[in-house]
Amino acid sequence: MYAKFFMPGTGWTWYVTEGSEQEGDFLFFGFVVGLESEFGYFLLPELESVRNRLGLGVERDLYFTEGKLTDVVPAPNM
């Protein structure tokens, strides 16, 4: 994972595993933790437009260090 975004005061977190510029926007792929945890695509403008009840927006975790996906993705129950 290369970057982490989060929504203050909520359980929403976006872990970026890859990204590229696409048609003037930046498209990310990664692991999203929210109502459910899943892999998916998300655009930077989408993250910039989201607000919580207090009006706070999504923030980039400036102290996040690159790591393995297994650090955040739970192991399947066997």
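The following exercises, each with a worked solution, concern a predicted model.

**Exercise 1. The salt bridge**

Task: Determine how many salt bridges a search of the whole structure finds, and identify which parts of the chain Lys-4 and Asp-61 tie together.

Solution.
Step 1. Searching the whole structure yields one salt bridge.
Step 2. The partners are Lys-4 and Asp-61, whose closest N and O atoms are 3.6 Å apart. The cut-off for such a contact is within 4 Å.
Step 3. Lys-4 belongs to strand β1 (residues 3–6), while Asp-61 falls in the segment after β5 (59–60), so the pair ties together parts that are 57 residues apart in sequence.
Step 4. As a general principle, side chains of opposite charge can pair when their charged atoms come close.

**Exercise 2. A negative patch and two of its members**

Task: State which residues form the negative surface patch, and decide whether Glu-21 and Glu-23 are buried or exposed.

Solution.
Step 1. The patch consists of Glu-21, Glu-23, Asp-25, Glu-46 and Glu-48.
Step 2. Glu-21 is located in strand β2 (residues 13–22). Its relative accessibility is 62%. The threshold for an exposed residue is over 50%, so Glu-21 counts as exposed.
Step 3. Glu-23 sits in the loop between β2 and β3. Because its relative accessibility is 79%, Glu-23 likewise counts as exposed.
Step 4. The backbone of Glu-23 also deserves attention: its phi is near 55°, a positive value in a residue other than glycine. For context, most residues other than glycine have a negative phi.

**Exercise 3. Two aromatic pairs between β3 and β4**

Task: Classify the geometry of the pair Phe-28 and Phe-42 and of the pair Phe-29 and Phe-39, and assess the accessibility of each ring-bearing residue.

Solution.
Step 1. The search of the whole structure gives eight aromatic pairs. One of them joins Phe-28 and Phe-42, with 5.7 Å centre to centre and 40° between the planes, and is tilted.
Step 2. Phe-28 is in strand β3 (residues 25–33) and Phe-42 in strand β4 (residues 37–43), so this contact ties together parts that are 14 residues apart in sequence.
Step 3. Phe-28 counts as buried because its relative accessibility is 10%; Phe-42 counts as buried at 5% relative accessibility.
Step 4. Phe-29 and Phe-39 form a stacked pair, at 6.2 Å centre to centre and 10° between the planes. Phe-29 lies in strand β3 and Phe-39 in strand β4, 10 residues apart.
Step 5. Phe-29 has 22% relative accessibility and therefore counts as partly exposed. Phe-39, at 43% relative accessibility, is also partly exposed.
Step 6. Phe-28 and Phe-42 further belong to one aromatic cluster together with Phe-5 and Phe-26.

**Exercise 4. Two loop residues**

Task: Establish in which loops Val-58 and Thr-10 are found, and how far Val-58 is from Gly-19 and Thr-10 from Arg-53, C-alpha to C-alpha.

Solution.
Step 1. Val-58 is in the loop between α1 (44–49) and β5. This residue is buried, its relative accessible area being 18%, and the limit for a buried residue is under 20%.
Step 2. Val-58 and Gly-19 are separated by 39 residues in sequence and by 17 Å in space, C-alpha to C-alpha.
Step 3. Thr-10 is in the loop between β1 and β2. Thr-10 counts as partly exposed because its relative accessibility is 36%.
Step 4. Thr-10 and Arg-53 are 43 residues apart in sequence and 9.7 Å apart in space, C-alpha to C-alpha.

How values were computed: Residues are numbered from 1 along each chain as its sequence is written. This is a predicted model: local features need pLDDT of at least 70, side-chain atom pairs count only at pLDDT 80 or more; totals for chains, interfaces and linings use all residues. Side-chain values use heavy atoms; hydrogens and water are left out. A salt bridge is a side-chain nitrogen of Lys or Arg within 4 Å of a carboxyl oxygen of Asp or Glu. Helices (H or I, at least four residues) and strands (E, at least two) are DSSP runs, numbered from the N terminus. Patches are made of residues with over 30% relative accessible area and no salt bridge: like charges are joined within 9 Å, nonpolar side chains (Val, Leu, Ile, Met, Phe, Trp, Tyr) within 5 Å. Accessible areas come from the Shrake-Rupley method with a 1.4 Å probe; for residues, only the protein chains shown count as cover. Lys and Arg count as positive and Asp and Glu as negative; His and the chain ends are not counted. The place of a charge is taken as NZ of Lys, CZ of Arg, CG of Asp or CD of Glu. Buried means under 20% relative accessible area, exposed over 50%, partly exposed in between (1.4 Å probe, protein chains only). Rings of Phe, Tyr and Trp (its six-membered ring) pair if their centres lie within 6.5 Å; planes under 30 degrees apart count as stacked, over 60 as edge-to-face and the rest as tilted.
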